[in-house]
Each structure stands twice: as C-alpha cells, then as structure tokens.
Amino acid sequence: MLGTMRIVVLAGGIGGARFLRGLKKAAPDADITVIGNTGDDIHLFGLKVCPDLDTVMYTLGGGINEEQGWGRTDETFRVKEELAAYGVGPEWFGLGDRDFATHIVRTQMLGAGYPLSAVTQALCERWQPGVRLIPMSDDRVETHVAVTLDGEQKAVHFQEYWVRLRASVDAHAIVPVGAEQAKPAPGVLEAIAEADVVLFPPSNPVVSVGTILAVPGIREAIADAGVPVVGLSPIVGDAPVRGMADKVLAAVGVETSAAAVAEHYGSGLLDGWLVDSVDEGVVERVESAGIRCRAIPLMMTDIDAAAEMARAALALASEVRA
Ligand code: GDP
Ligand code: CA
C-alpha cells in the first residue's frame, strides 16, 4: 500500500481500548480514527459522563486503571463520599475524584456550546491518545434496556442495567433512544470514505458496535466504502471474555457464539472475522456465510498479545482485498 495506511475502528470501552493499544503498536505509522460509542453516556450529578470515550482516552493516554479496565489510575473517592453524606446518589456508579475533573471540563464546554466532538478533541489534547477519537454523534443517544422488575415492565438506562443490576435480569429489548434522529459527528463519514480498512475490535456487538451502526449513515457508509471490513470476536468458547454480552445478545435474538456474532453483522458488512483458536471448529460455518474467517489466539493478556491480534486483522484485510 502506498502512503500512510488509514484505519477506522468502531470502539466501545474496554475491549475497544485494549485492542487499539495493540493496533497502535502493530501499525505505528498508521493514521487511526476511532469512532466511539456514546450510547452508554449518562448524566450524573449534573455532569455529562461518557464512559466509552473516556476508557479509550485514558487507556491510550496512559491514565487508565489497568486492573479495572476503566476509570483513572491512583484514584480516590472523596467527592463521592461527600455526595453520599448528603444522601445524593447514585452510589452504584463509580466516579473517582480524578475522573470527576474530566466530566466537569466536558460539561462546562458543552454548556458553553461546544459539540461533544470538539470537547472530546479538547480533552484529548491533554491525553494525546495517538489516534483521532470522534464520538459517533454529537446528538444525544442513550441506550435503554427493557426489563421486568418486580413484575413490572420498564425501561432502564443501560448503565443502570449493566452496573446497578449487573445484567442479573433478562433484557427484553435494547433501544438506542435518539439514534434514529442522530447524525454522525463531523469527520465520521469522511474518515470512513477515506479509510483503507475498517476494523471492529472485540467490542460488544450489541451495545457498543451495534449502537454506532444504529446512527443513520454509518452502517451504509461502511458497507459502501469498498474497503475491507474485518472484525474480531468478543465471544470466545461461547462466552464473553469479560462482562455480560450474552445478556444483550439474547435480547436481540443472537446466540452467544463467535459464529453467530459474525452472522449477526452479516456478509453485507463484514468481509473478514477472527475467532479464537478454541473456536477453530466454527471457521467453516462463518466462511459459508460469505465471511473469510481465521482462528488465532484472541486473549488480550498484554499489549503484545493485542498487537498480534491487530496484525492478524490487518493481514486478513489485505487477504480479502486481494
Ligand atoms: P465496554 O464498553 O467497556 O463493555 O467495552 P467493549 O464493548 O469495547 O468491549 C466489551 C467486550 O470485550 C466484551 O464483550 C468482552 O467479551 C470483550 N473482551 C474483553 N477482553 C477481551 C479479550 O481479551 N479478548 C476478546 N476476544 N474479547 C475481549
Ligand atoms: Ca460501553
């Protein structure tokens, strides 16, 4: 390929961020644009919190709590304790003192009239993530989950389902509220049109990548870009590597397996799919769905392992291009 390789990645939080760290190592000269999920965003204590954008920013910028995978390193919780002393919650969402500063700056800039994309760019001036991080949309999109609680049907915010309820009750439906009216943020469609390859990291296919694809125009732009689209399975051995993706897959009628997730994206969108070595047996099924498939180790135990996965994704992309 001539010139700098342009890579577009649709990312959620932890799975997306850890993969991106490997991708940067595997392709240090590439021009990487990350389209971040904002369906998880929530207003807390009057502040706008963007968990997935921040996880990417902190992970790539060296400020992440490594063990936890989200939030800041060396964190303290004084503000949260003081709020609790006033009886002001929610107590179930972990916001540390360092993290609070990010949300204060963001909320202040949004209040002054800057769109989320400009605010994200400003925050990234401090963190220097080494990628261009763009929210999927400047418009408000909020993922809600339909559940039955105490015999009553209701819709709760995704964070309430995920963090407070720990996905302990079945989800009947996942609704990205506002997505239909949302427009892709400035730069999103341009980055896709100019990309040499589009990657889906092992992010949640429903509430991370699925939410980004629900913004009108993004799915179409990717399908029509005429460039290889390669994804990596977040499901290994018929279970999520981390978290409760099985609950939201069930809500959209998709079985929790690497092959079913590939079929869910479909050959109209995906050209290539990487599954873990333990799922070697599904390669044929995926290929018969019209998606080129390879089995390799997909556990991001460290940056080198993630870099190896990124190399394999780029290799598969050039294979499907040929
Ligand atoms: P979230 O927004 O923080 O939930 O993060 P993402 O949506 O970006 O990623 C969540 C997904 O990452 C989960 O479904 C996990 O199964 C997946 N995941 C996390 N670590 C790994 C890993 O090491 N390997 C693979 N293949 N998937 C992983
Ligand atoms: Ca998320």
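The following questions and answers cover a calcium site, a ligand site and one helix residue in a predicted model.

Residues are numbered from 1 along each chain as its sequence is written, and chains are lettered from A and ligands numbered from 1 in the order written. In this predicted model local features need pLDDT of at least 70, side-chain atom pairs count only at pLDDT 80 or more, totals for chains, interfaces and linings use all residues, and side-chain values use heavy atoms, with hydrogens and water left out.

Visitor: Which residues are the protein donors of the calcium ion (ligand 2)?

Guide: Donors are N, O and S atoms within 2.8 Å of the metal (3.2 Å for Na, K and Ca); water is not among the atoms, so sites may look incomplete. The donor atoms here are OD atoms, lying 2.0 to 2.6 Å from the ion, and D52 is listed twice. The residues are D40 and D52.

Visitor: Is T102 buried or exposed?

Guide: Buried means under 20% relative accessible area, exposed over 50%, and partly exposed in between (1.4 Å probe, protein chains only). The relative accessibility of T102 is 5%, so T102 counts as buried.

Visitor: Which side-chain partner lies 2.6 Å from an oxygen atom of ligand 1?

Guide: A backbone N or O atom of G16 lies 2.9 Å from a ligand 1 oxygen, and one of P234 lies 2.8 Å from a ligand 1 oxygen. The 2.6 Å pair uses a side-chain N or O atom, and that side chain belongs to S208.

Terms used: Polar contact = N/O pair within 3.5 Å; in protein donor to acceptor, adjacent residues only side chain to side chain.
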